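Here is a friendly walk through one protein chain, from its strands to its pocket and core. Please keep the sequence and the 3D view open as you read.

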Amino acid sequence: MYKTTKRTTSTAIPLPRRSSIMVLLHGSLLLGLMLIASHVSALEFKQVQPGESAITFGYKQMNVPLDGKFSKFVAQISFDPAKVAKAQARIDIDVTSIDTGSAEANEEVVGKQWFNARTFPTASFVSTGIKSLGGNRYQASGKLSIKGKTLDVTTPVTFQATGTRGILEGTFTIKRLDYMIGEGEWTDVSAVADEIQIKFHIVVNASPGKK
């Protein structure tokens, strides 16, 4: 008798096509980005890190570009990317902490003809509103008070967040004579230019949950 052998038929499992893999990867990446975005939007950034933040300025003297900074300031920030309309900011600057890079100039600019720091020791910015310009760009409006004079200002702002660490940055220009910074002979803008560029770099941390 002959023994019959049963032939087994193997069933091949089809591999996913490359296009299917790409769709799956794209979907996973998109989901990941959505989760990151939702995590950032659930944060309120309000814990300012003074040691990592800076307020600087640039100007021209005899047409030569110069810069300086303020070493002491207090910033109060409340910023939730998901609730931009509720954002608030206040920055109070100790004008006696000005550093122009020259001890002689520092002493001069806190005097009566310039900042008059004895009478007006603090310069302040208080926000009145902020709106989104798309992406990480915003526009902040507010009141800038220097030497007893308060004027409206607007400034572009960018916001970058990595986890619970956020950075707000912006640059805007004021005219010093609008605030009577530099009186008497110093109103001559050929010596010191009227335009002063203000720059801010504010590092602010967040905690999830509370709004």
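Two strands are said to pair if DSSP finds at least two bridges between them. Helices (H or I, at least four residues) and strands (E, at least two) are DSSP runs, numbered from the N terminus. By that rule, strand S2 (residues 54–61) and strand S3 (residues 64–70) pair antiparallel over seven bridges. Tyr59 has Leu66 in S3 as its bridge partner. The two strands form a hairpin with two residues between them, and Met62 in the turn has a positive phi of about 55°.

Before going further, a word on the model: it is predicted, so local features need pLDDT of at least 70 and side-chain atom pairs count only at pLDDT 80 or more, while totals for chains, interfaces and linings use all residues. Residues are numbered from 1 along each chain as its sequence is written, and side-chain values use heavy atoms, with hydrogens and water left out.

**The fold and its strand pairs**

The chain has two helices and eleven strands, in the order α-β-β-β-β-β-β-α-β-β-β-β-β along the sequence. Beyond the hairpin, these antiparallel pairs can be traced:

| Strands | Bridges | One bridge pair |
|---|---|---|
| S4 (residues 73–78) and S5 (residues 88–94) | six bridges | Phe73 and Ile93 |
| S5 and S7 | five bridges | Asp94 and Thr122 |
| S3 and S6 (residues 98–99) | two bridges | Phe70 and Ile98 |

Contact here means heavy atoms within 4.5 Å. Of the contacts in the chain with a separation of 6 or more, 60% are between residues 24 or more positions apart.

**The pocket**

On a 1 Å grid over the protein atoms alone, a pocket is an open set of points where a 1.4 Å probe fits, with protein on both sides within 12 Å along at least five of seven lines; lining residues have an atom within 4 Å of a point. The largest pocket holds about 870 Å³ of space, a volume being the space filled by probe spheres set on the points, which are joined across faces, edges and corners. Its lining has 44 residues, and Ile55, Phe57, Phe70, Ile196 and Ile198 lie nearest the centre. Strand S7 (residues 122–134) gives the most to this lining, with six residues.

**The core**

Buried means under 20% relative accessible area, exposed over 50%, and partly exposed in between (1.4 Å probe, protein chains only). Of the chain's 211 residues, 32% count as buried. A nonpolar core is a set of buried Ala, Val, Leu, Ile, Met, Phe, Trp, Tyr and Cys residues joined through side-chain atoms within 4.5 Å. The largest one has 43 residues, among which Phe70, Phe115, Leu144 and Ile146 touch the most other members. Strand S11 (residues 195–208) gives the most to this core, with six residues. Not counting residues up to four places away in sequence, Ile146 touches Phe115, Ala123, Ile174, Tyr179 and Ile181.

**Two residues to look up**

Is Val157 in strand S9 (residues 149–162) buried or exposed? Val157 counts as buried because its relative accessibility is 7%. Leaving aside neighbours within four places in sequence, its contacts include Tyr138, Leu168 and Phe200.

Gln139, in strand S8 (residues 137–146), is partly exposed, with a relative accessible area of 28%. Gln139 and Gly129 are ten residues apart in sequence and 8.4 Å apart in space, C-alpha to C-alpha.
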